[in-house]
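Welcome to a short tour of a protein chain. Take a moment to turn the structure around, and then we can walk through some of its parts together.

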Amino acid sequence: MLTEQNRKVSDQKPLGCWSVKQDQTITCPAVCNFETGEYIAVHDDKVLRIWKDEDVNLDKVFRATLTADVYRIHSVPHTEPLVLFKGGAVRTLDALLAAPQQEIENVISDENGNYFVYVQKVNPNILHKYKLEQEESFHPLSFTAYTKNKILTLLCLYSNGCVYKLLMSLQQRVPEEEQILSKSLLLKMVVSDTVLKGASLAILDKDHVAVLGCLDSPPNIAKECLSIWNTKFQTLQTSKELPQGTSGQLWCYGEKFFLTHGKVLTVIVYKCETSSLATAVGKLKDTQTSGMRTVSSYVNWNTLQEEDLASPHAQQSVAAKTESKRTVSFRDDSSQHDIEEELRQFLSNAQMSDFQATVGYIITGLVNRCKTEPTFYPRHCLVQLIQTQGLSYSLCPDLMAVALDKTDVHLLQLCLQQFPDVPEAVTCACLKSFLSISDDSLQGTNVNLDSVISFIDITPNDQVEKQTETVQNGFSSALMEEDSCDIQLTQKPHVVDTEELCPVGPQKAALLNAILHSAYSETFLLPHLKDLSAQQVILFLRYLQFLYIKCSEKVSTDFPGMLSPTINQIMDWMCLLLDAHFTVVVMLPEAKGLLFSLHKFVRAQVRFCSELNKIEGSLQELQRIKHQKDFGLYSIEMLELV
C-alpha cells in the first residue's frame, strides 16, 4: 500500500486508488486492518477514515473526528490496529471508535536536549519511561526493536555512525520512576569526522543489520547507500550506492528490501549467510575488490541490470558471476543466431538457482538493446523467455512497448495471456493496435487460435450455410424479430445472416479475446478506452455482439477452453465500451442498427428468462413429491400439480 501526496504510480497496475478532497491532506500513511480487511487512514491530522475495496468515494465512507493529532497507525497481524498520537499516547482502534471524543493525554515531555524511550503495554495499560544517556554532539537517527524472553532489545543508530544496544525488561507490572538506560556499543560503521544523515536501521537476523543513509564528510560529496553489516565480527558484508537519492525509509519483508530510489520503488533480494569469521573476512575482501556484482540475486522493478545487494552462498558466487558474464556477453554485441544458441543452453538448465530472476535480467538486457538498435529484434528469444511463465509486466515494463512499436501481435498476445499486472493504458494500446490492423495483414501470422476454434471456422468460406440444428438455451433468430417464445426450436436450413458472421478474422478474434481476458480496474480503464476511434468502437462492439449471440446459443453460456472469453467478460466489456463512447455511438448512423439489434436480442433473452421463472415453481413442486422406494419391476405413475 502506497500513500503519497503528489505522486502517481505510472508503470504498475494499481488494484485500487482513493483520494481525499482538494482542500484535504492525508497526514498519516494508510494501513490495512488484517482482522476486518478494511483500510484506515487519517487526513487533516484528526479525521479518521475507514473503508473497504468496494468503496469508491472516501467522502462517503466511515468518518470519526478525534480530539488529538494522530502520528501513525500501526497494523499488527492477529490483533487490532494501534493508533499512536503525536503526544505519545496509544489507543487500540476499537477503544478509539467506541469513544472518538475521549481525552488523549500527552505522554512525551518537553525537556529540551534529552531523548526518552516510552514503552507502553496495551492490556493492561502500563507506561514505562526511560531516559537515554546523553551523547555529546551526536543524536539518535533511527531505532528498531525486538522482544525475546520478555526482554525488549532496542537498537539505536546515532549520527556518528554507531549502533547502540539497549535492554529493557517487560516483566515490570507497575510504572516506575524515570529510569536511565545504559547503552552498549554494538557496531561502529564510519570513521571519525563523518556524519550520518537521514538514516534507517533494520534487523535482518541475530548477526546482521541493514543501514540506509547518507555519509556526509566535509571534503567529499554526500552519498546515500544501502549496506549490510555483520555485528558479530564488525565487518561490512556488502553495500550499494544510490545516486538518485532515497526518502530515507527502508522496509524489510520476506528477505527483500523495499526502498525508494529517485522516483522508483526498488525491490532488492538479500540473503544473509551463517555468521563465521571466514565468511565475514572473505566477503569484506570481495566487497572491496570486485563490488559484488552478482546479477542473478538482484530484483529491481525497473533497473534489473544494476548490481545485486545480496550475500549469496560462497559456492554459488563463482557460478553466479560466470552466468552474469555469459549473459552480458551475448546481450551487448552478439548476433541473433549466437544469442539463440546461448539462450537454448541457458534454458536447458532451468533447475539452476534464481532461474527466474536471471530470466528477468536477460530479457531486460535484450529489450534495452532493442531500444538502442532499431534493427535488432530477437523475437524468437523473447517468445522463449516469456514462455518460461516466470515474468510479469513489472519485471520488464518496456517489453510490450517494444512489441507495440514492432507490431508483434504474437508477442503481445503472449504477454496479455501470461502477465497478471498489465496496466490499463498498455491494454488499451494493444486493443487499439489490434483493431487498426487489417485482417489481410494478419493472414498467416503466428497467433494462438485456441480461443476461437470453438465458434469460428478457421477455414475461410465466402458462403457459409448453416445445417439443420436444434437450438439450445431458447435462442433463435426469430426471437430477435418477434416478441414471442412460442416458436419451433428446430430451424430449417438457411444462409447465415451477416449478423451471425464474425465481423473479424480468426487471428484478430484471438487477439481481441486476449484483451477480454486481461485484468483491469474500471476506474483506470475507462479514460483510456476513450482514445479509440469511432470506427474501432463500432468494430469492437460488433465482435462483442457476435460473441454474446454465440454464447447464448449454448446451454452452458460459455465457450469451451480456458482462453475463450466468458459471457460475463463479454458483457462487462460491452458495457465499458458503451459507457466510454455513449454519445458517439448514439450519434453515429452506422451504430443505430447495431444498438437496435442488441436491444432486440437482450429483450428476447429477458423474455426467455421470464418464461423460465414461470415454470420454476412447478419444477420445485416436482422435487418435493416423495416417491415410493419400491416400485416393483414396472410402474406407471401420474403426477398432478395442484
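## A threonine and its surroundings

Apart from neighbours within four places in sequence, Thr427 is in contact with Leu416, Val422, Ile515, Ser518 and Trp573. Please keep in mind that this is a predicted model. Thr427 belongs to helix α9, which covers residues 424–436. Is Thr427 buried or exposed? Its relative accessible area is 2%, so Thr427 is buried. A partner from elsewhere in the sequence is Ala519: 92 residues separate Thr427 and Ala519 along the chain, while their C-alpha atoms are 9.1 Å apart in space.

## The chain as a whole

With that residue in mind, let us step back. The chain holds 17 helices and 23 strands. It has 642 residues, and buried residues make up 43% of them. How are contacts spread along the sequence? Among contacts between residues at least 6 apart in sequence, 57% join residues at least 24 apart.

## Helices that cross

Helix α9, the home of Thr427, packs with α13. Their axes come within 9 Å and cross at roughly 40°. That angle makes α9 oblique to α13, and the crossing is right-handed. On the α9 side, Glu424, Ala425, Cys428 and Leu431 take part, and they meet Phe524, Leu525, His528 and Leu529 in α13. Sorted by class, the residues of this contact are six nonpolar, one polar and one charged.

Helix α13 (residues 522–529) also packs with helix α15 (residues 567–580), at an angle of about 55° and with the axes 9 Å apart. The two helices are therefore oblique to each other, and α13 passes α15 in a right-handed crossing. Which residues of α13 and α15 meet? From α13 come Glu522, Leu525, Leu526 and Leu529, and from α15 come Trp573, Leu576, Leu577, Asp579 and Ala580. This contact has seven nonpolar, no polar and two charged residues. Leu525 and Leu529 appear in the contact with α15, and they also appear in the contact with α9. Trp573, which meets α13, is one of the residues in contact with Thr427.

Another helix to look at is α6 (residues 379–386), whose buried residues are Cys381, Leu382, Val383, Leu385 and Ile386. What covers them? The cover includes α4 (336–347), α5 (355–372), α7 (399–406) and α8 (409–418).

## A phenylalanine in a loop

Not every buried residue sits in a helix or strand. Phe455 lies in the loop between α10 (439–442) and β22 (465–466). With 9% relative accessibility, Phe455 counts as buried. Leaving out neighbours within four places in sequence, its contacts are Asn513, Tyr543, Phe546, Leu547, Lys550 and Phe559. Cys502 is 47 residues from Phe455 along the chain, and 9.1 Å separates their C-alpha atoms.

## Strands and sheets

Now for the strands. An open sheet is formed by three strands in the order β5-β6-β7, with antiparallel pairing. β5 (70–74) and β7 (90–92) stand at the edges with a single partner strand each, so one side of each has no neighbour in the sheet. From one strand to the next, the twist averages 20°. Within this sheet, Leu84 stands opposite Val90 in β7.

Three strands also form an open sheet in the order β8-β9-β13, here with mixed pairing. Its edges are β8 (116–121) and β13 (179–181); each has a single partner strand, so one side of each is left without a neighbour in the sheet. Ignoring direction, neighbouring strands in this sheet are turned by 35° against each other on average. In β9, Lys131 is the bridge partner of Phe116.

The table brings together some strand pairs.

| Strand pair | Sense | Bridges |
|---|---|---|
| β1 (residues 26–33) and β2 (residues 38–43) | antiparallel | five bridges |
| β6 (residues 82–85) and β7 | antiparallel | three bridges |
| β8 and β9 (residues 126–132) | antiparallel | six bridges |

The pair of β1 and β2 deserves a last look. Ile26 has His43 in β2 as its bridge partner. How many residues lie between the strands of this hairpin? There are four, and Gly37 in the hairpin takes a positive phi near 75°.

Terms used. Residues are numbered from 1 along each chain as its sequence is written. This is a predicted model: local features need pLDDT of at least 70, side-chain atom pairs count only at pLDDT 80 or more; totals for chains, interfaces and linings use all residues. Side-chain values use heavy atoms; hydrogens and water are left out. Axes are lines fitted to C-alpha atoms, for helices over the stretch in contact, and angles run from 0 to 180 degrees between N-to-C directions. Angles under 35 degrees count as roughly parallel, over 145 as roughly antiparallel, 65 to 115 as roughly perpendicular and the rest as oblique. A crossing is left-handed if the near helix is turned anticlockwise from the far one by less than a right angle, and right-handed if clockwise. Contact means heavy atoms within 4.5 Å. Ala, Val, Leu, Ile, Met, Phe, Trp, Tyr, Cys and Pro count as nonpolar, Asp, Glu, Lys and Arg as charged, and the others, Gly among them, as polar. Buried means under 20% relative accessible area, exposed over 50%, partly exposed in between (1.4 Å probe, protein chains only). Two strands pair if DSSP finds at least two bridges between them.
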